[in-house]
Amino acid sequence: MSAMSSLLSSSVPCEADSAQQKAYVTYSFPGRSTGDSTCHDWSVTLLEARAVISSCGTTGLRTWEAALLLGSYFAASSGRSSIRGKRMFELGAGTGMLSILCAKHLGIDGIVATDGDEAVVDTIKTNCFLNGLDVDDASRGAVRTAALKWGRPIDATTFQEDYGMGAPDIVVGADVTYDKSVIPRLVATLSGFFELNATLQVLISATIRNEQTFEAFLGACGRNGFTIAQVDFPAVPEDQQKGPFYRTTSPIQIWRITKGSGAKDSSAV
Ligand SMILES: C[S@@+](CC[C@H](N)C(=O)[O-])C[C@H]1O[C@@H](n2cnc3c(N)ncnc32)[C@H](O)[C@@H]1O
């Protein structure tokens, strides 16, 4: 009663202010383990903002729909087998949800979560601690974090030293293709990673808010000699979702990018 009366007597913050405040959010990825019928409910708890763009101007303080779709793909058996035991590198990681899911539940060998915004990288560290993960140390299962702005050269000679991990097998990015002006820099960064490892696979999950912007990304990939294939893992309609829950108002697609003829993908369409 006393808690209720203090809540009733406190003033309600305006919508704009409350959208900037951070809250704990738990994303659940329910499913069945491979090889047996054991049910699992992998979850990741994050401290994040509701605002689409935070007051400091970044879009990285909340988790976006494209990350939830890519997380669902990794948690499903087809995606899980493709990342288990691999080294992963995340671009524009935002809250770090994907990297944390992979480190906490999906048996990744090593992971580096990066973002161009230093404040966002700090929130990834906080979110790792919330999930009981070590940060920036050499232990297995730890998440390494770093500030990485797209377009800056990737130095092969210092990569291990810079990121505490060898060249990645997989580079991922969710909702990183929304701004036409930064697409050339994003694609230049992908090129840098292909120079480190020619058999690299890149998985980009994109919310298609503007078709021209996404076509600009696909066009830049084509001009750089990348092979692009859409992964057959559609978003679940909102009324059928069992978690994680996300809006499907705009189409969300996962694309696999390889260099040259690239690796064959049976799930590509
Ligand atoms: C829409 S958010 C997506 C965050 C997260 N991947 C997700 O889906 O929840 C885009 C992220 O890309 C980062 N970003 C934008 N431009 C960047 C750049 N030029 N270099 C590095 N990161 C950038 C932002 O800081 C932000 O965290």
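**View 1. Asp136 in its loop, a partly exposed residue with a positive phi.** Asp136 counts as partly exposed in this predicted model, because its relative accessibility is 37%, between the 20% limit for buried and the 50% limit for exposed. Its loop runs between helix H6 (118–130) and strand S5 (143–147). Look at the backbone here: Asp136 is not a glycine, yet its phi is positive, at about 55 degrees.

**View 2. Asp175, a buried residue that also has a positive phi.** Here is a second aspartate to pause at, Asp175, which has a phi near 50 degrees, a positive value in a residue other than glycine. Is Asp175 buried or exposed? Asp175 is buried, because its relative accessible area of 8% falls under the 20% cut-off. To find Asp175, follow strand S6 (170–174) out into the loop that leads to helix H8 (183–196).

**View 3. The ligand and the residues around it.** Start with the surroundings: 19 residues lie around the ligand, and Trp64, Gly92, Asp115, Trp150 and Ala174 come nearest. By class, this shell is made up of seven nonpolar, seven polar and five charged residues. The ligand takes up the space of the largest pocket.

**View 4. Polar atoms of the protein beside the ligand.** Three pairs of atoms are worth tracing in this close-up. Asp115 places a polar side-chain atom 2.6 Å from an oxygen atom of the ligand. At Gly116 the partner is in the backbone, where a polar atom is 3.1 Å from a nitrogen atom of the ligand. Ala174 likewise takes part through its backbone, with an N or O atom 2.8 Å from a nitrogen atom of the ligand. How much of the ligand's accessible area does the protein cover? On its own the ligand has 590 Å² of accessible area, and the protein covers 93% of it.

**View 5. The cis peptide bond at Pro244, and Phe245 in the loop between S8 and S9.** The peptide bond from Gly243 to Pro244 is cis, with omega near -5 degrees. Pro244 is found in the loop that joins strand S8 (226–230) to strand S9 (252–259). Phe245 has its place in the loop between S8 and S9 too. Why does Phe245 count as exposed? Its relative accessibility is 57%, and therefore over the 50% cut-off. Which phenylalanine can be paired with Phe245 across 216 residues of sequence? That partner is Phe29, and the two C-alpha atoms are 9.5 Å apart in space.

**View 6. Ile257, a buried residue of strand S9.** Ile257 has its place in strand S9. With a relative accessible area of 0%, Ile257 is buried, because that value is under 20%. Thr227 makes a helpful landmark for this view: the C-alpha atoms of Ile257 and Thr227 are separated by 5.5 Å, although the two residues are 30 residues apart along the chain.

**View 7. Ala216 in helix H9.** The last stop is Ala216, which sits in helix H9 (residues 211–223). Ala216 counts as partly exposed because its relative accessibility of 22% lies between the 20% and 50% limits. From the C-alpha atom of Ala216 to that of Ser181 the separation is 9.7 Å, and the two residues are 35 residues apart along the chain.

How values were computed: Residues numbered from 1 in each chain as written. Predicted model: local features only at pLDDT ≥ 70, side-chain atom pairs only at ≥ 80, totals over all residues. Heavy atoms only, no water. Near = heavy atom within 4 Å. Polar contact = N/O pair within 3.5 Å; in protein donor to acceptor, adjacent residues only side chain to side chain. Areas by Shrake-Rupley, 256 points an atom, 1.4 Å probe, with all protein chains shown as cover. 1 Å grid on protein atoms, 1.4 Å probe; cavity = no way out; pocket = protein on both sides within 12 Å on 5 of 7 lines; lining within 4 Å. Sits in = over half its atoms within 2 Å of the grid points. Nonpolar A, V, L, I, M, F, W, Y, C, P; charged D, E, K, R; others polar. Helix = DSSP H or I, 4+ residues; strand = E, 2+ residues; numbered from the N terminus. Buried < 20%, exposed > 50% of the residue type's maximum accessible area, 1.4 Å probe, protein only.
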